[in-house]
Amino acid sequence: MKQMIKFILNGEPVELEIEPHLTLLQLLRDKLELTGTKEGCGMGECGACTVLLDGRTVNSCIFPALEVEGKKVMTIEGLTDAQGNLHPIQKAFVEYGAIQCGFCTPGMVLSAKALLDESPKPTEEEIRHGIAGNLCRCTGYLQIIQAIKAVSEQ
Amino acid sequence: MQDFINIGKRIPKMDAEEKVTGKAIYIHDLKIPGMLYGKILYSPHPHARILNIDTTKAETLPGVKAVLTGYNIPTIKFGFYKDNVPLKANKVCSFRDEVAAVAATDPDIAQEALELIKVEYEILPAVFDPEEAMMAGAPLIHEEHVGGKEKKPTNILNLPWRLVSGDVEEARKTSAFVAEDRFKVTWVTHCCLGTSGCVAQFDLKNNLTVYSITQIPSLAQRDYTDALAAMGLQGKKARVIKTMIGGGFGSKLDTYAFEYIAILLAHRTRKPVKIVFSREEEFFATSPRQPAVIDISQGCTKDGRLTFRDIRMILDNGAYTSWGATTPSVMMMPISSLYKVPNVRYVAKCIYTNNTYSQAMRGYGNPQATFAIDSQIDILAEMAGIDPLDFRMRNANTPGEVTPQNFKINTCGLRECIDAVAQKLDWRQNRGRRDGKGLGMASMIHVGGGARVYKSDGCGTIIKIDDFGTVNVITGATDMGQGAETVIAQIVAEALGVRVEDVVVTHTDTDICPWDVGAHASRTTFVAGNSALGAAKKIKHILLEVAAQSMGESPESLDIRDRVIFSKKDPEKKTPLGKALRAAHYTSGGKMIMAEHFYDPANENLDREFKGNLSVTYAYGTHGVEVEVDKETGQVKILKYVAAHDVGRAINPMLLEGQVYGGATMGIGYALTERLILKDGKVMNPNFLDYKMLTSKDVPNIEPLVIETNDQFGPFGAKGIGEPGSVPTAPAIANAIYDAVGVRIRDLPITPEKVLAALQEKKK
Amino acid sequence: MEGSMKKFDYLRPQTLEEAFSLLNQHGKKAKLIAGGTDVIVLIKQKAMMPQVLISLRGIPGLDQIRYDGALKIGAMVTHRDIEKSEVIRKEFSALTDAADVLGSIQIRNVATIGGNICTAAPSADTATPLLVLGTQVKIKSLSEERTVPIEGFFTGPGETILKKGEMVTELIIPKPLPNTGSAYSKLQRRLALDLPILGVSVLLSLDKGTVSCSDMLCTTSPISSILHTMEKDELTCKEIRIALGVAAPTPIRAVKAENLMRGKKISDELLEEVANTASVEAQPRDSIRGEAWYRKDLIRVLVKRMAMKSIERVVRPEETIFPERLW
């Protein structure tokens with residue numbers, strides 16, 4: 001039986017009726033057509049589907065959609081400002097070569113945001129720890145770490 | 001030193017913004033109105049006869065629009081050996097065999113329909129060890145396959161890979177030291193974060209469009225056209241449109257069953273059909289890196305000069321044939337040409353088994369062969385009492401050399417790479433401590449100037465410039481994330497005298513883009529770069545001719561720099577590029593500013609003896625590692641990692657470093673943690689939890705050392721770098737472990753268990 | 001496309017009573033769901049096919065960490081909350097060790113400790129720390145409430161003593177004796193997103209909190225030499241608990257090994273014997289995640305190392321970085 005949910009998505013209120021078994025990832029990609037959040041494995045093992053829920057990272061592919069009720073969700077689409085300017089983290093990823101195929105990037109950027117929101121001046125160890133739940137096959141992580149470090153030094 | 005505006009600059013990728021904002025459309029994001037979703041039913045047995053397939057319940061499930069089996073489709077044979085069909089009839093030969101496919105209005109219904117298909121099998125005995133499969137009496141995978149002199153049914157493929165140069169037997173007799181070892185490498189897989197998939201769609205006239213993530217658009221177009229002919233659609237067109245690609249690494253160098261299945265479903269339903277793999281399918285139904293059993297012997301003189309290299313390999317071909325069976329053609333490269341070896345013999349057999357089948361993965365056989373060769377170099381050096389650093393230097397390749405495989409070595413920075421690594425690791429000081437910490441190094445050779453593995457190694461480029469100076473570069477190349485687009489833009493911008501931001505690169509549509517043989521062999525910067533360079537030079541010529549008229553100068557006395565055409569004699573005499581362009585178009589008797597260039601490098605196909613100058617120039621490199629081994633647990637920690645590469649010239653140092661970091665990380669996983677575990681033909685770890693690719697906490701701080709030898713044939717001197725980073729990692733690490741604790745591991749991955757077992761064995 | 005799931009209904013009770021009555025109402029068709037990081041995955045893998053999921057998220061009072069005489073952790077407390085709890089890090093360190101290495105931050109933000117023990121995987125990171133900490137599990141049903149020691153909670157791989165209609169509401173960990181240190185080691189192939197090949201937890205209570213050679217601790221000196229030097233301090237073990245994960249069908253206490261050490265003076269030879277005994281007590285299997293012989297060998301190594309770490313935590317409580325004797 002469909003249920004109604006109300007939540008804040010990228011700063012805007014959203015209200016819709018969904019089937020109860022939907023994951024947050026399905027809600028975002030299939031119902032709301034926000035395809036920026038990716039499915040890498042569907043099992044919570046790669047972090048490609050990472051979104052922010054009340055500022056904390058979660059794997060949306062295994063998160064029950066109904067549980068966003070009354071909460072704030074941020075996806076990659078919500079990171080640019082109203083004029084479409086890139087967030088400093090996005091800028092740094094672009095400038096430091098932290099993006100190759102880009103499939104892991106949306107999730108990676110949001111993990112970086114959660115890390116920097118909590119620790120604005122992380123050590124290299126803390127950066128590695130902060131993005132450890134996001135797999136990347138292309139970059140070998142090092143330029144991603146450099147990009148995050150650069151943002152923290154701004 | 002030349003004063004470049006665009007070359008050698010750390011320019012961000014042109015598609016980075018699209019990707020970092022989530023706007024990029026990958027195959028998973030593509031939605032076409034009316035699109036159906038396809039799903040595939042796989043075999044539950046490694047080897048069985050198909051007795052009956054009952055699809056009636058599946059067909060009547062609401063939402064299901066088509067159900068296909070091997071019995072209701074035309075025969076489409078594909079693969080290098082044409083031994084594979086999209087849906088199997090008569091029998092299944094491995095767990096990943098496709099038995100039926102469904103198209104439905106949503107993926108859940110398609111999945112449900114699969115569960116309603118009833119297949120009856122008669123289980124057949126199976127064989128999973130290639131050495132067993134070679135023997136008489138072993139179960140035959142393809143009963144109609146005959147081979148050998150007597151043309152008897154056999155599992156041994158008719159691919160007698162054999163390279164001989166000089167006299168290995170004689171050299172063995174006269175060698176002062178001879179090492180003999182068996183090395184084993186197993187399956188590992190690409191782990192692209194974006195899984196495989198495509199969307200197939202027919203128009204009303206039965207012309208086909210496939211939205212694809214292929215690395216070989218022109219060749220895929222050919223494969224699809226062949227399929228159309230097999231479907232009775234001779235003469236119909238196939239168009240390949242690429243979406244953003246979520247990782248390649250060689251995984252998309254062949255066409256797969258699922259693509260043909262999508263095409264067949266689209267044709268049957270008259271609707272677009274999308275098939276996208278789940279992660280589990282990505283692990284068990286795509287083709288991994290070729291495993292090998294390698295028997296290798298090398299010898300040297302008393303003063304450490306290599307005398308011969310003798311290698312025999314047995315390759316598990318799996319149930320069907322793809323590029324894995326051709327990896328010997330690339331393995332020959334390090335075998336014949338890594339270090340100076342006067343006498344070489346290489347024999348490889350490919351054997352059918354009921355395991356999964358392999359294809360290309362970053363290095364295409366080179367990582368496998370180099371693991372054996374450069375591990376054994378250390379073994380040989382120790383026998384001869386020579387420091388492995390000196391041993392390598394003594395045998396290092398040099399510019400101008402012609403190797404036993406008739407490779408003509410152009411630029412060669414191998415000595416510089418070995419030296420750079422030795423310095424960074426403080427080799428003389430730090431090696432030989434045997435206190436749990438150790439140093440190791442290993443080198444590599446790879447094609448760096450294209451590779452004529454097909455009849456053509458070519459790539460076409462068309463450039464047109466509009467009224468305002470926007471340079472449209474239409475290339476046959478493929479950008480799968482490595483940054484080919486950006487590098488091509490840099491080359492064109494530099495050659496034309498404009499800036500990178502003026503250049504737009506299009507590479508995604510076979511209806512528009514020129515021909516290219518594919519993104520393999522690390523050829524894109526070199527071949528597509530040269531192709532674009534050739535077209536850019538032609539366009540510059542046209543531009544200068546047009547400007548010459550209005551400027552009252554001869555074209556030869558003009559040049560363009562930073563969007564300004566100026567007279568070389570009097571640089572103050574200049575005109576903005578845009579003005580010259582508008583003058584060209586917007587006039588009577590105007591001229592279109594457009595040029596094309598097809599560049600096919602002056603390299604050679606390997607002849608019947610597998611000799612020939614495969615590439616125009618070769619890339620060299622050396623990796624050095626410092627490890628620490630925990631003697632109680634066998635765990636290996638990398639303390640220092642340096643990767644020196646002779647790249648000709650770094651067109652974009654930032655992207656180049658990205659290739660080194662990414663390649664080396666993949667290679668470290670190959671050495672220490674990654675393994676696709678097959679048990680009786682079944683993949684036991686088809687998920688990211690149990691397939692151990694490295695995380696951000698595991699990757700060491702890799703230091704790339706860029707050696708520029710300025711190759712005369714490369715665009716602005718550049719050679720390839722896509723694969724080299726993955727090639728010497730395993731032997732470098734194995735050698736370092738030996739230096740640290742005195743144990744030599746000869747099979748990958750070097751797990752803590754293997755190290756601990758070897759340490760315990762050593763104690764006894 | 002996503003691994004498709006069989007559809008289910010998802011109910012969000014607002015009180016415990018409502019949850020219990022829904023559980024009784026739907027019987028076999030229903031399953032409780034906490035964070036969902038196990039349940040949703042199991043449903044996708046078709047290992048579980050409930051028609052109804054009853055979510056515990058909306059029920060107040062289950063997500064608190066309180067320390068009043070004993071440490072009380074609500075079943076819905078996330079591993080991230082445990083990771084960030086100062087009091088748990090200081091006094092119940094083994095549990096923080098587990099929270100630090102479980103899965104990934106994304107998982108820890110959602111996965112609950114109640115869910116972790118109810119899924120009851122032999123590899124559950126929190127299981128061996130909870131075992132050595134002497135945890136009691138509070139179980140409630142519609143009609144009754146009982147508290148069981150965690151030793152009796154796990155009955156088999158994926159199985160617990162929970163009866164139909166029961167749920168775990170709280171974990172109660174008694175205040176440790178003075179001079180107690182604990183540590184958990186997760187033997188894994190990579191440093192994140194991994195399940196343990198082997199899990200070893202140790203808790204040690206000492207008769208005093210200082211030793212003369214304290215500057216030798218938290219270095220890469222071999223454990224044997226540190227313990228030999230420490231012998232002159234005549235440190236006595238007042239209490240020891242050793243728990244092993246992925247070494248038997250359920251997480252277990254190595255009771256025979258513990259008995260050898262309890263009440264005795266700590267020495268290198270004794271610790272060696274204790275570690276060996278723990279290794280013999282365990283019955284690890286071969287699996288694709290690890291081989292039995294390796295697990296057995298490493299029990300010996302890790303028991304010794306975690307005992308040393310426990311001592312270090314008593315003597316140098318301000319220390320946060322421990323030598324990487326292990327990668």
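This passage describes domain interfaces in chains B and C of a predicted model, together with the surroundings of one residue, Thr673(B). In this predicted model, local features need pLDDT of at least 70 and side-chain atom pairs count only at pLDDT 80 or more, whereas totals for chains, interfaces and linings use all residues. Residues are numbered from 1 along each chain as its sequence is written, chains are lettered from A and ligands numbered from 1 in the order in which they are written, and side-chain values use heavy atoms, with hydrogens and water left out.

Chain B is assigned domain 1 (16-23 + 458-599), domain 2 (31-124 + 213-231 + 247-271) and domain 3 (292-452 + 606-763); domain bounds come from an automatic or database domain assignment. The C-alpha centres of domains 1 and 2 of chain B are separated by 42 Å. Contact (heavy atoms within 4.5 Å) involves 11 residues of domain 1 of chain B and 12 residues of domain 2 of chain B. The two domains bury about 830 Å² between them, with 55% on carbon and sulfur atoms; buried area is the accessible area (1.4 Å probe) that two parts lose on being put together, summed over both. Of the area that domain 1 of chain B buries against domain 2 of chain B, 49% is supplied by Met480(B), Thr510(B) and Trp515(B), more than by any other three residues.

Between domains 1 and 2 of chain B there are zero salt bridges (a side-chain nitrogen of Lys or Arg within 4 Å of a carboxyl oxygen of Asp or Glu). Two residue pairs, both at pLDDT 80 or more, are in polar contact across this interface. A polar contact is a pair of N or O atoms within 3.5 Å; within protein, one must be able to donate a hydrogen and the other to accept it, and residues adjacent in sequence count only if both atoms are side-chain atoms.

In chain C, domain 1 spans 9-55, domain 2 spans 65-174 and domain 3 spans 180-321. The C-alpha centres of domains 1 and 2 of chain C lie 19 Å apart, and 14 residues of domain 1 of chain C are in contact with 15 of domain 2 of chain C. About 1,100 Å² is buried between these domains of chain C, 76% of it from carbon and sulfur atoms. The count of salt bridges between them is zero.

Thr673(B) has a relative accessibility of 12% and therefore counts as buried (under 20% relative accessible area, 1.4 Å probe, protein chains only). The side chain of Thr673(B) reaches the backbone oxygen of Lys692(B) at 2.8 Å.

Note on methods:
Helix = DSSP H or I, 4+ residues; strand = E, 2+ residues; numbered from the N terminus. Buried < 20%, exposed > 50% of the residue type's maximum accessible area, 1.4 Å probe, protein only.
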